[in-house]
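I opened the notebook to look up what this model shows, going from the whole chain down to single residues. The entries follow the order in which I looked.

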Amino acid sequence: MLWLKALHLIFMVTWFAGLFYLPRLYVYHAMSSDEISNERFKVMERKLFFGIMTPGMIATLLFGIWMLVAYDWAVYANAGWLHAKLALLALTLVYHYFCYQWLLDFKHDRNRRSHVFYRWMNEVPVLFLVGIVILAVVKPF
């Protein structure tokens, strides 16, 4: 079971690394004005999203579900901390989807948001990570 937990954590770190970095790329992309930079950012964003973030997300979910099944879901079914963690996970998945939508906006040269918007969005996954880790480790309720 500890191998499942280790793999879950490794892929969670991979996923969140992408969630932290992709909006930072969007900040720089929104500030760029030349075509060479614009195309370079498109390649970097695509590779990060599809090569690191999404596989990390999928593996995190797979190992997390595997742990729930292996550790006996009935034991945790009434654990409030787990329900709160799963709610934050759902919000993180929504955020991942928004990152994809912003990726498409940049890909098709239709971004209408400023770099300031992406600077604020860059902070959102930090809140999710802090909440998820505290809930998983401390289990406050």
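The entries below go through the chain as a whole, two annotated sites, the annotated spans and two backbone angles.

**Entry 1: the whole chain**

I noted at the start that this is a predicted model. I then looked up the secondary structure and found six helices and zero strands in the protein chain. Read from the N terminus, the order of elements is α-α-α-α-α-α.

I looked up the extent next. Along the principal axes, the C-alpha atoms of the protein chain fill a box of roughly 55 × 25 × 20 Å.

I checked burial: the protein chain has 141 residues, and 36% of them count as buried. The exposed area of the protein chain comes to about 8300 Å², with 72% of it supplied by carbon and sulfur atoms.

For contacts in the protein chain with a separation of 6 or more, I found that 78% join residues 24 or more positions apart.

I also looked up the charges. The protein chain carries 13 positive and 8 negative charges, and the mean positions of these two sets are 5 Å apart.

**Entry 2: the annotated binding site**

Which residues does the UniProt annotation "binding site" cover? The unreviewed entry gives His8 and Lys85. They span 78 residues in sequence, but their C-alpha atoms are no more than 14.4 Å apart, so they gather at one spot. Both His8 and Lys85 are included in the lining of the largest pocket.

I took His8 first. His8 sits in helix α1, which covers residues 2–31. Is His8 buried or exposed? His8 has a relative accessibility of 11% and therefore counts as buried, the cut-off being under 20%. With neighbours within four places in sequence left aside, the contacts of His8 are Thr60, Phe63, Gly64, Met67 and Lys85.

I then turned to Lys85. Lys85 belongs to helix α4, residues 80–107. The relative accessible area of Lys85 is 19%, so Lys85 is buried too. Where is Lys85 in contact, leaving aside its neighbours within four places in sequence? I found His8, Ile132, Leu135 and Ala136.

**Entry 3: the annotated transmembrane regions**

I looked up a second annotation from the unreviewed UniProt entry. It is "transmembrane region", and it covers residues 6–27, 48–69, 81–104 and 116–138.

I checked two of these spans against the model. Residues 6–27 are 100% helix and 0% strand, and the end C-alpha atoms of this span lie 32 Å apart. Residues 116–138 are 91% helix and 0% strand, with end C-alpha atoms 34 Å apart.

**Entry 4: positive phi angles**

I looked for residues other than glycine with a positive phi, and noted two of them. What is the phi of Asp109? The phi of Asp109 is near 55°, and Asp109 is a residue other than glycine. Asp109 lies in the loop that runs between α4 and α5 (115–121). With a relative accessible area of 47%, Asp109 is partly exposed.

The second is Lys139, not a glycine either, with a positive phi of about 50°. I placed Lys139 in the segment after α6 (124–138). Lys139 has a relative accessibility of 38% and so counts as partly exposed.

Conventions
Residues are numbered from 1 along each chain as its sequence is written. This is a predicted model: local features need pLDDT of at least 70, side-chain atom pairs count only at pLDDT 80 or more; totals for chains, interfaces and linings use all residues. Side-chain values use heavy atoms; hydrogens and water are left out. Helices (H or I, at least four residues) and strands (E, at least two) are DSSP runs, numbered from the N terminus. Buried means under 20% relative accessible area, exposed over 50%, partly exposed in between (1.4 Å probe, protein chains only). Contact means heavy atoms within 4.5 Å. Accessible areas come from the Shrake-Rupley method with a 1.4 Å probe; for residues, only the protein chains shown count as cover. Lys and Arg count as positive and Asp and Glu as negative; His and the chain ends are not counted. The place of a charge is taken as NZ of Lys, CZ of Arg, CG of Asp or CD of Glu. UniProt positions are given in the numbering used here, feature names are shortened, and annotations may be inferred rather than shown by experiment. On a 1 Å grid over the protein atoms alone, a cavity is a set of points where a 1.4 Å probe fits but cannot get out, and a pocket is an open set with protein on both sides within 12 Å along at least five of seven lines; lining residues have an atom within 4 Å of a point.
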